[in-house]
Amino acid sequence: MMETLDQLFVLLKRWVVGEFPAAWRLWLSPLIDAGAIIGVFAGLFAVTTLLERKGLGRLQNRMGPNRVGPFGVLQPLADGLKMLTKEDIVPRAADRVVHFLAPIAMVTPILLAYAVLPFGRNLVAVDFDAGLLFFFAVGAGTELAVFMAGWSSRNKYSLLGAMRGIAQMISYEVPLVLSAVAVVLVAGSLSLPSIVDSQAGYHWGWLARWHVFTPWGLAGFILFLIAATAESNRSPFDLPEGESEIIAGHLIEYSGFKYALFFLGEYLGLFAVSALGITLFLGGWQAPVPFLAWVPSYLWFGAKLLGCIALFIWLRGTMPRLRTDQLMNFAWKFMLPLVLVNLVVAALWHGTAAWGFFGAGATRWLLGGAVLWLTYSALSHALFTAPGRGPRTYRYAD
Amino acid sequence: MKHTPGWGLLKGLFETARNFVGSYYQPGRLTTIEYPDERLPVQENFRNFPMLIYDGADPERGLRCVGCKICEKECPPQCIYIVLERDRSGKVQKRPRLFDIDVSVCMSCQICVEVCPFDAIKMNTEYELSTGDRFGALLLRKAELAKPNEYYRRLHPTEAAEVDARLAAAAQAKAAAQAKEQAKLTAKPAKPAWSTQP
Amino acid sequence: MSDLRPAMETLERIRTRLEAAVAGAELEVVANGAVAAQGSLRVDAAHAVAVARFLRDDAQLQLDYCSNVTGVDWLDRVVRTTVRTRRVIDGLERELEQTTEHTVPGYLEAVYHLYSVALRHGPLVLRQRTADRADGARVASLTPVWRSAEFQEREVYDLFGVVFEGHPDLRRILMWDEFRDHPMRKDYVEPDDYEYEPTPHDEVLAKARRHYAGAGGDRA
Amino acid sequence: MRAQAGDLEMRGAFAAEPHGGGGRSAGSDAGWGAGAGHEWVRPAEPVGRLEGEWLEVAMGPHHPSTHGVFRMNVALEGERIRKLKPVFGYLHRNHEKIAEGTTYLGSMPYTDRLDYFCSLTNNWAYALAVETLAGLGVPERAEYLRVITGELTRLLNHACLVGFLLHDMGTMGTPLMYAFREREKILDLFEALTGARMMCNYLRFGGCRVDVPAGWLAGAQRVVDEFPRFLDEFENLLTTNEIVLARSQGVGVLSGALAVNAGITGPMLRASGVNYDLRKVDRYGIYDRFNFRVPLGEHGDVYDRYMVRILEMRESVKILAQALKDLPPGPILDPKSKLRGFRPRAGEAYGRIEAPKGELGFYLISDGSVRPYRYRVRPPSLINLTVLEELCLGHTVADAVIVLGSVDIVLGEVDR
Amino acid sequence: METAFYVLAAVTVAGAVAAMALPRLVHCTLCLAVAFVGLAGHFLLLGAEFVSFAQVLVYVGAVAILVVFAMLLTRSADAPPAWVVSRPGLLGVGVAVLVFGCLAATVAGSGLAGREAPPAPEVTVKALGERLMAEYVVPLEVVGLLLTAALIGAVILALEDRAKGGT
C-alpha cells in the first residue's frame with residue numbers, strides 16, 4: 001500500500017502513457033514530465049510568494065497579507081492578476097527584441113534544470129549520466145538573460161545591475177560547483193539519482209547517512225547554501241537588484257507579465273538550487289529516520305524543500321546587503337580556498353573510509369572538522385579583521 | 001573584545017526568529033490593526049478639522065459664532081471664509097451667513113480654536129473624509145460644520161466641561177449685569193439676536 | 001543660562017583688536033533693540049575675509065564654527081525729518097514745521113553667526129552690507145574660511161541675489177537654474193505662471209481665473 | 001582627494017587622544033585647534049579622464065534611498081564615485097517667505113512641517129528664538145514638558161533613522177519595522193498629548209499649549225521603561241552583525257576638524273569625536289538639571305554615526321526617566337505671553353537647540369509689527385550635506401546610499 | 001532523430017551566420033551563444049552527454065559571458081557602426097568560400113560518405129574521468145598550467161594598464 005503511494009506518480013504516468021499508441025509514447029512521456037514540473041513548481045512559486053510575504057511580515061512584526069481570501073491565501077492569485085493586467089512598458093530607446101527575449105531566456109534554462117532533479121524515488125524526468133553537469137550547464141543560461149535584460153533596457157541602473165549580476169554569478173558559480181564536486185568525489189557519480197542512492201541507509205540504525213552529517217558535507221552544505229543564495233540573487237547577495245541602491249537593477253524597465261516571468265525565474269532558480277542542495281547533501285528524498293521511511297519520498301523532498309525556502313526567507317529578513325567588492329572578495333578570497341580545502345577533506349574522508357578501529361568515525365570527524373575550522377578561522381582572521389574593524393567601545397563626555 | 005566572525009550574523013538570525021515567534025503570542029509586538037474591521041479608540045485630545053458648535057436644537061439659531069472673523073484672520077493657511085448676515089435694511093448682523101472651511105487647505109493646527117473668544121469653533125475628530133470630489137466635497141459649509149454641543153461633549157469631555165463651566169459663569173455674570181441694568185432702567189432690553197443663552 | 005557659558009570678549013574689545021590686526025578694516029558695532037540685545041559687528045566687504053580669518057584663528061576667540069549664514073533685505077526707506085524752527089515772519093515769531101524727506105537707499109545684508117566649538121562661546125554676529133540692491137549687491141564670500149557657509153551663501157545668492165565674490169561654486173540652490181528673480185526680496189512679485197490649486201473664495205481662485213482667462217480657457 | 005589628504009594630517013591630533021577615557025573638559029577637547037590657518041577646499045574637479053568614460057547617473061529625485069526628493073548627480077567609474085553633486089530644491093516652498101507674511105504664532109504649525117519627524121523640537125527651537133527675542137520666560141512645568149516631548153522626539157527620530165540606514169543597507173526593512181513599532185508607541189503618546197501624531201504644534205511662546213491628560217505620564221513612563229529592551233534587540237540584530245560592520249566601518253570617514261569647519265552638527269559631529277552638544281554647551285531650557293553623558297565616536301565613519309545614535313538614545317532614556325520623575329506641578333504658560341497681537345520689540349535674536357538632526361536655529365528680526373521682518377531657519381539637514389561629496393568620493397554607489405542615510409536628512413527641512 | 005538534427009543544424013547555422021552578419025556587437029554575441037547551444041545539441045544527439053554539457057558550460061557560461069562582460073566594461077556595445085562593405089571584408093568572404101570549397105571537395109572525394117558509421121562507443125562519465133586522470137593526466141596538467149599562466153599574465157597586463165591610466 002505504502003509502496004503504491006510512494007510510487008503513485010510514477011505509476012500514474014506509466015498508466016497514462018500506456019493508454020496511448022506506441023508511436024506517441026516517446027513524445028508523450030517527456031511532455032507529461034514537463035507539464036508536471038511546470039505545474040507543480042509554478043504552484044509552489046505562488047505558495048512561496050505568499051509564505052515569503054507572510055513570513056517576512058511576521059519577522060518584522062507585521063501581519064503580512066491577510067485581505068484576499070481567508071488568511072490571505074488567495075493573495076498570489078490577486079498578485080498574478082495584477083501582474084497580468086498591468087501595462088507592458090518598453091522604453092523607447094530599448095532594444096525591443098532582446099528586451100522581449102530576456103525573460104524567456106531567464107525562465108527556460110531554469111525549467112530545463114528541473115529535468116535532472118530526483119523529486120522522489122524513481123521520480124526523475126531524465127536520468128543523465130552527467131546530470132549534475134547538465135544542471136550547472138543550463139544554469140549558465142540565466143547569466144546571459146540577466147545581461148540581456150540589463151543591456152537592452154538602456155538604463156544606467158539596469159546596466160549597473162547587469163554588470164553586478166554577471167560578475168556575481170560567475171564568481172559564485174566556482175564555489176557552487178566545487179562544493180558539489182566534493183559530493184561527486186565521494187559518491188563517485190555525476191548522476192543525481194545515484195548521488196541520492198549513495199546517501200541511503202543509516203548509521204547504527206538511526207543516523208541517516210546523509211553527506212551533511214560529515215565534516216566536509218556540513219561545510220560543503222553551508223558553502224553551497226551561501227553560493228546558492230548568491231546564484232539566485234537572494235538577500236544578502238541581492239546586489240543585482242539592489243533595491244535601495246540601483247532600484248531593482250536589470251529589472252528596472254520591466255513591467256507586467258515580463259516582470260512576472262523574471263520573478264518566476266528567480267524563484268524557480270531558488271527552488272532548483274535548493275533541490276540540488278537537498279539532493280547533494282540532505283539525502284534527497286530519503287527519510288531522516290528509519291521509522292518514518294514509510295512516508296512517501298516526494299513528501300520528504302517537499303518538506304526539505306519548504307525547509308530550505310523558509311531558511312532563505314529567514315535570511316532575507318535578517319541580513320543587510322554586501323557591497324560589490326566585498327562580495328567578490330568573499331567569493332574569491334574566502335569561499336574559494338575554503339571550498340578547495342573542503343575538497344581535500346572530502347578526499348581524506350573518502351580515503352579513510354576503510355578505517356575500522358574503535359572510534360574511527362569520531363576520529364575522522366574531529367580531524368576533518370579541525371582542518372576546516374582552522375582554515376575558517378585563519379581565513380576570517382586574515383580577511384575580516386583589521387585595526388578599527390569589529391565591535392567598538394565608545395567614550396563619553398559629561 | 002574577542003569577536004568570532006559569523007557570530008554576529010547568528011545573533012541577528014536568532015533575534016529575528018524571536019520576533020517571528022513573538023509576533024504570535026506577544027500582543028505588544030504587533031502594532032498594526034486591521035483597520036476597517038477594527039479601529040483604534042480616538043484620543044480625547046485628537047484633532048482633525050474644525051467644526052462650529054451650536055447650543056440647543058437649531059443649528060442656525062444656536063450657533064455660537066458671531067462672525068467676528070478673528071479665526072479668518074489668524075488662520076495660517078487662510079482656509080476660513082466668512083460672510084456676515086445682513087438684515088433687510090442691509091445692516092450687518094452678528095451672525096455668519098457663510099462660514100466655509102476648505103479642509104483641503106486646512107492643516108489642523110487648531111489656532112482658530114485657540115483664538116476664538118466665544119468658544120464657537122472646536123476641533124472635530126472625524127477622520128474618514130476621503131472623497132472623489134476634491135474641490136466640492138472638501139469645502140465644508142456652515143451646515144456641515146455645525147455640530148451640537150452634545151457632540152462636542154462626547155468628543156472632548158474634559159475640555160467641554162471646562163468650556164461649559166466658563167460659558168455658564170459668563171452667562172450668569174451677564175444675567176446679573178442685565179438684571180442690574182433692568183432694575184436701573186426698567187426699560188425692556190432688546191435681546192441680542194446672537195445670544196447664546198440656552 | 002548665559003552665565004554658565006564661558007564669556008566671550010565684548011564686541012567693542014573685539015573691534016579694537018580687529019582694527020589693530022587688520023589694517024584698514026571698517027568695522028561698526030550694530031546695536032540690537034530686542035530684549036536679547038545681542039549686538040553685531042559690521043565689516044566691509046574688502047576686509048571681510050581677513051577679519052573672518054582673524055576671528056577664526058585668534059587664540060582668544062577661536063570662532064571655528066559658522067553656524068548660520070543668511071541674508072536680510074532692507075528696502076529703500078523714506079525718512080521724514082521734521083524740523084521746528086522759530087522764525088520771525090511779519091514781525092511775529094512763529095513756529096514753523098518743516099518736513100524734509102530723504103530716501104535712505106536700501107541694501108542687502110549677509111549675516112553670519114559664529115561660535116567657537118573649541119572654547120564653547122559665541123555667538124558673534126558678523127554682518128556684511130552691499131552697496132545697493134541692484135548691481136552693487138556684492139559681498140565677500142566667507143566660504144574659504146568656513147566651509148559651512150558654502151550652501152548657505154548659495155542660498156542667499158539664490159533667494160536674495162547677493163553675489164558672494166570668491167565663492168567656489170555660486171549657483172542657484174533651491175530655485176531652478178532658469179529662474180530669474182530672487183524670491184526672498186521684499187519687493188518680489190510672484191509670477192503669474194504656475195499651476196494654481198484653486199480653492200473657493202480665495203484670491204488664488206480669482207488669480208487663477210484671470211490667468212486661465214488670459215491663457216484661453218477656464219480650468220477652475 | 002586633496003581635502004582628504006589634509007584630513008589625514010589633522011586626524012593625528014585626534015589619534016593622540018586617549019580613547020575611552022571618559023569626559024574631558026571643553027577647552028582641552030579641541031583637537032581641531034591645530035588646524036588654524038588650514039583652508040578647506042572643495043574637492044577639485046577630476047581631470048585627466050576621457051569624456052564619456054564615466055557613467056553619469058542622476059540618483060534621484062525619485063530614487064528610493066534618497067529619503068525624499070533629493071538628487072545626487074554622480075559620475076561613476078565602474079561603481080566607484082568620482083564626482084558627486086547634490087541637487088536640492090524639489091521640495092522648496094519658501095517657508096521663510098510664508099513666515100514673513102504671517103504672524104509669529106501662525107508660523108508655529110509651519111515649523112512642524114520642516115523636519116516632519118521631529119515637529120516638537122522644531123516647535124521648541126522656534127519658541128526659543130521668539131522667547132529670546134521678546135524676553136518671555138517659561139514656567140518650570142512647561143520646561144519639563146518640553147524636555148520630555150523633545151527627548152521622545154529624539155528617540156523616535158534616531159530609531160527611525162537607524163532603521164532607514166539599515167534599510168538602505170538592504171535589510172528588507174526589518175530593523176525599520178522594529179523602529180516603526182517603537183515609533184508608533186511614541187506617536188500614540190504625542191497624539192494623546194498634542195492631538196496630532198506628527199504635526200504636533202504643541203509649544204507656545206512662553207510655554208506649552210495644553211497640560212498632560214490624565215494617565216499620560218504613566219503611559220510615557222511605560223514607553224520609556226520598555227525602550228531599552230527595543231535597543232537591546234536592535235543591537236543584537238545589528239551591532240555585531242558582520243555585514244553591517246563590513247559595510248559601515250571605514251566608509252564615509254569625516255574628520256573632526258573638517259566637521260567643525262563645515263558646520264556639521266548633531267550626532268554626525270559627535271561621531272567624528274567632537275564634543276559639542278548644545279544641551280551641554282548652551283544648556284538651554286533646563287538641561288543643566290539632568291544627569292546624562294554625550295557619547296563620542298572616534299573614527300567618524302558610518303558605523304560611528306550609527307552607534308552614536310544608539311548610545312544617544314540610551315542617554316535620552318535616562319533624561320526622560322529623570323524628567324518624568326521630577327515633573328513639578330504648576331502653570332504651563334507664561335502669563336505675559338499672548339496669542340493675538342503679539343508684537344515683539346524691534347530687534348533681532350537667534351535661538352538654537354540640539355534637534356535630533358543637529359543644531360536647529362531660528363534667526364528672527366522684528367520690526368515691531370505682528371509679523372517677523374526676517375525669519376530664517378538654520379536647517380541642520382542641509383548644512384550636514386555640505387561634506388557629502390567628500391564622504392562619498394572613491395566609494396561605491398552602495399556606499400553613497402548609506403553615507404547619505406547616516407547623514408540623516410529630511411527633505412522638508414533641506415529644501416524648506 | 002532526423003528532424004531533430006535538421007532543426008539543430010538550422011539553428012546552429014542561422015546563429016553562426018547572424019553572429020557574423022548583425023551590425024550590433026551584442027546581438028552577434030547572443031547569436032554566437034545560440035550557435036554554441038546548437039552545437040551542444042548535436043553532441044547530445046550523438047550521445048556525447050559530457051561533451052555537450054561541457055560545451056554549454058564553457059562556451060555559453062564562460063566564453064559568451066566573457067565577451068559580454070568585456071563589452072559592458074568598455075561600453076563599446078553602444079553606437080552600431082553603419083553597414084560597411086569594405087575590401088578586406090570582401091577578401092574575407094572570398095577566403096571563406098575558398099576554404100569551404102576545399103574542405104567540401106576533400107570530404108566529398110574521400111569516400112567517407114559511402115562508409116557505414118561505426119557504432120558509437122558507450123562513453124560514461126566515469127570512463128572519461130578515468131581516462132583523463134590516468135592515461136592523459138600529464139596533458140591535462142600541462143593544459144591546466146598553461147591556462148593558469150595565461151590567466152596570471154592577463155591579470156598582470158590588466159594591472160599595468162590600470163597603473164598607467166588610473167587616478
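How many residues does the contact take from chain A, and how many from chain B? Keep that question in mind while you set up the view, and remember throughout that this is a predicted model, with an ipTM of 0.79 and a pTM of 0.82.

**Stop 1: chain A by itself**

Select chain A and colour it by secondary structure, and you should be able to trace 14 helices and three strands. The radius of gyration of chain A is 23 Å, which is close to the 21 Å that the globule rule gives for 398 residues, so chain A is as compact as a globular protein of that length. If you turn the chain along its principal axes, its C-alpha atoms fill a box of roughly 85 × 70 × 40 Å. Of the 398 residues in chain A, 50% are buried, and when you consider the contacts between residues at least 6 apart in sequence, 77% of them join residues at least 24 apart.

**Stop 2: where chain A touches chain B**

Now add chain B to the selection, which brings us back to the opening question: twelve residues of chain A and 13 residues of chain B make up the contact. On the side of chain A, highlight helix H3 (22–59), helix H12 (297–318) and helix H14 (360–384), each of which supplies at least two residues. The largest share on this side comes from H12(A), which gives three residues. If you then colour the side of chain A that touches chain B by residue class, you will find five nonpolar, five polar and two charged residues.

**Stop 3: where chain D touches chain A**

Hide chain B and show chain D together with chain A, where 49 residues of chain D are in contact with 38 residues of chain A. Several elements of chain D each supply at least two residues to this side, among them strand E1 (55–59), helix H5 (140–168), helix H6 (174–194) and helix H12 (302–326). Which element of chain D gives the most to the side that touches chain A? Select H8(D), for this helix leads with six residues, and you can find it at residues 242–248 of chain D. By class, the side of chain D that touches chain A has 20 nonpolar, 21 polar and eight charged residues.

Before leaving this pair of chains, zoom in on strand E3 of chain A, residues 395–397, which pairs with E6(D) in the antiparallel sense over three bridges. Within this pairing you can pick out a single pair of residues, since A:Ala397 has D:Val294 as its bridge partner in E6(D).

**Stop 4: chain E**

Select chain E next, and you will see six helices and zero strands, so that from the N terminus on the elements run α-α-α-α-α-α. Chain E has 167 residues, of which 17% count as buried, and 52% of its contacts with a separation of 6 or more are between residues 24 or more positions apart. Colouring by pLDDT gives an average of 79 for chain E, with 80% of the residues scoring at least 70.

**Stop 5: confidence along chain C**

Keep the pLDDT colouring and move to chain C, whose mean is 79, with 85% of its residues reaching 70 or more. Among the elements of chain C, helix H3 (residues 149–160) has the highest mean pLDDT, 89, whereas helix H4 (residues 203–215) has the lowest, 65. Continue to residues 216–220 of chain C, where the pLDDT is below 50, although this stretch has ten contacts in the model beyond near neighbours in sequence.

Note on methods: Residues numbered from 1 in each chain as written. Chains lettered and ligands numbered in written order. Predicted model: local features only at pLDDT ≥ 70, side-chain atom pairs only at ≥ 80, totals over all residues. Helix = DSSP H or I, 4+ residues; strand = E, 2+ residues; numbered from the N terminus. Buried ≥ 20, exposed ≤ 12 C-beta atoms within 10 Å, placed from the backbone. Contact = placed C-beta atoms within 7 Å. pLDDT = per-residue confidence, 0-100. Nonpolar A, V, L, I, M, F, W, Y, C, P; charged D, E, K, R; others polar. Pairing = 2+ DSSP bridges. Rg over C-alpha atoms; globule rule 2.2 N^0.38 Å.
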